[in-house]
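Q: Could you take a close look at one part of this structure for me, and then work outward from there? I'd like it told as one connected story rather than a list.

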Amino acid sequence: MIKLVVIDLDGTLIGSDLSLGTRTIKSIEAVKKAGVNVTFATGRMVSATRIYAHELGIDLPIVGLNGALVKPLSNNECVFHAPLSSESFLRALDVLTTTNATTLIVDRDEAFGWNLTAKMRKILSSWICDIKEIDPADSPTTPTIALVSGDEKPVKETAERIQKLNLPDVQVFLFPSIRYYPMWYFELRRIEVNKGTGLKALREYLGIEKSETLAIGDFINDVPMFMEAGIRATVANAHENVLKIADYVSKYSCDNDAVADIIENLILRRV
């Protein structure tokens with residue numbers, strides 16, 4: 001029996017217009033009424049999920065920042081938090097200070113940055129909320145993540161320079177933007193921290209078994225989350241690596257209420 005549904009946002013729950021479909025809203029309302037817990041697992045800051053959490057009545061802790069932070073919207077009490085170490089981040093900061101790309105430093109649910117333009121603020125606003133522009137020297141020293149974004153060349157060059165530091169407790173996740181291609185991003189997180197570790201922490205907090213968990217995602221950062229769920233479902237527009245390991249693949253995309261199709265077929269029609 002499924003007791004917990006954890007859903008990725010971008011490319012999965014919300015369409016390319018960043019909205020929720022009516023059928024999806026109704027299916028989540030129905031599954032919650034049936035006693036199933038529902039929440040999000042996202043690369044966004046927790047606060048950047050607010051509009052969708054309020055629309056769907058989500059009050060559980062949310063897996064944010066690709067698993068590095070698990071907390072509810074309503075308060076700052078973390079279920080799980082895995083920040084970068086001061087020693088490694090300060091070494092990386094020497095590189096981040098000299099990059100021409102937009103650099104964001106996220107400390108739990110606060111965001112700081114430099115090399116910000118109006119265009120980049122607008123693009124990043126769905127992921128990162130209320131960015132405070134700072135001098136790099138004033139950056140928090142044990143942030144949750146760092147995110148670098150912009151044109152492919154400076155982003156890749158900055159990522160390569162950090163990788164050459166061989167920081168033992170840091171991972172570099174480099175990827176092209178799907179929505180704003182040809183933009184690129186890379187994210188610095190503590191090593192072995194991902195949506196899977198975030199989901200595991202959430203499950204243990206709620207007392208829910210892996211076999212009782214349904215994970216719904218679409219991109220490669222959702223693969224670790226799938227490994228912490230008993231049932232894995234995805235959308236028609238998913239990355240090939242996700243399609244390969246999904247137990248259920250909707251025939252619909254994120255623009256056509258794929259999450260509703262998944263919930264209806266895997267939960268509501270079996271209640």
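A: One term first: two strands count as paired if DSSP finds at least two bridges between them. Keep in mind too that this is a predicted model. The part I'd pick is strand β6, residues 102-107, together with its partner β7, residues 110-114.

Let's start with the pairing itself. β6 and β7 run antiparallel and share five bridges. Two of the partners are easy to find on screen: Ile105 has Phe112 as its bridge partner in β7, and Thr103 has Trp114. The two strands form a hairpin with two residues between them, and there Arg108 takes a positive phi near 55°.

Now look at how much cover these strands have. In β6, five of the six residues are buried, so the strand is largely enclosed by the rest of the structure. β7 tells a similar story: four of its five residues are buried, so the rest of the structure largely encloses this strand as well.

β6 has another partner, strand β9, residues 145-150. That pairing is antiparallel too, again over five bridges. To locate it, go to Val106, whose bridge partner in β9 is Ile145.

On β7 there is a further pairing, with β8, and here the sense changes: the two strands are parallel, joined over two bridges. β8 is short, covering residues 132-133, and Glu133 is in it. Gly113 of β7 has Glu133 as its bridge partner. So is Glu133 buried or exposed? Glu133 is exposed, because its relative accessible area is 52% and the cut-off for that label is over 50%. Beyond its near neighbours in sequence (up to four places away), Glu133 touches Gly113, Leu116 and Arg121. Asn115 is worth a glance as well: it is 18 residues from Glu133 in sequence, with 8.5 Å between their C-alpha atoms.

From here we can step back to the nonpolar cores. In soluble globular proteins, nonpolar side chains tend to be buried together. The largest core in this model has 53 residues, and the members that touch the most others are Val5, Leu13, Phe40, Ile128, Leu214 and Ile216. Its largest share, four residues, comes from helix α9. Our Ile105 belongs elsewhere: it is in a second, separate core of 21 residues, which also includes Val155, Trp184 and Phe186.

Leu13 leads us on into the surroundings of the largest core. Setting aside neighbours within four places in sequence, Leu13 contacts Ile7, Asp8, Leu20, Thr24, Ile28, Phe40, Leu56 and Val259. Thr24 and Ile28 are part of helix α1, and Val259 is part of α9; these residues also take part in the contact between the two helices. Helix α1 (residues 22-33) and α9 (residues 258-266) pack at about 30°, their axes 8 Å apart. Their crossing is left-handed. By class, this contact has five nonpolar, two polar and three charged residues.

α9 also brings us to another sheet. It lies across β1, β12, β13 and β14, at about 155° to β12. Those strands belong to an open sheet of five with the order β2-β1-β12-β13-β14, paired in parallel. The edges are β2 (37-40) and β14 (248-249), each of which pairs on one side only. Helix α6, residues 195-206, packs on this sheet too: it touches β1, β2 and β12, and its direction makes about 155° with that of β1. At the β14 edge, two bridges join β13 (residues 231-234) to β14 in parallel, and Thr234 stands opposite Val249.

α6 has one more link to follow. It lies across β3, β4 and β5, running at about 155° to β3. Those three strands make an open antiparallel sheet in the order β3-β4-β5. Between β4 (residues 69-71) and β5 there are two bridges, with Leu69 opposite His81.

Definitions and conventions
Residues are numbered from 1 along each chain as its sequence is written. This is a predicted model: local features need pLDDT of at least 70, side-chain atom pairs count only at pLDDT 80 or more; totals for chains, interfaces and linings use all residues. Side-chain values use heavy atoms; hydrogens and water are left out. Axes are lines fitted to C-alpha atoms, for helices over the stretch in contact, and angles run from 0 to 180 degrees between N-to-C directions. A crossing is left-handed if the near helix is turned anticlockwise from the far one by less than a right angle, and right-handed if clockwise. Contact means heavy atoms within 4.5 Å. Ala, Val, Leu, Ile, Met, Phe, Trp, Tyr, Cys and Pro count as nonpolar, Asp, Glu, Lys and Arg as charged, and the others, Gly among them, as polar. Buried means under 20% relative accessible area, exposed over 50%, partly exposed in between (1.4 Å probe, protein chains only). A nonpolar core is a set of buried Ala, Val, Leu, Ile, Met, Phe, Trp, Tyr and Cys residues joined through side-chain atoms within 4.5 Å.
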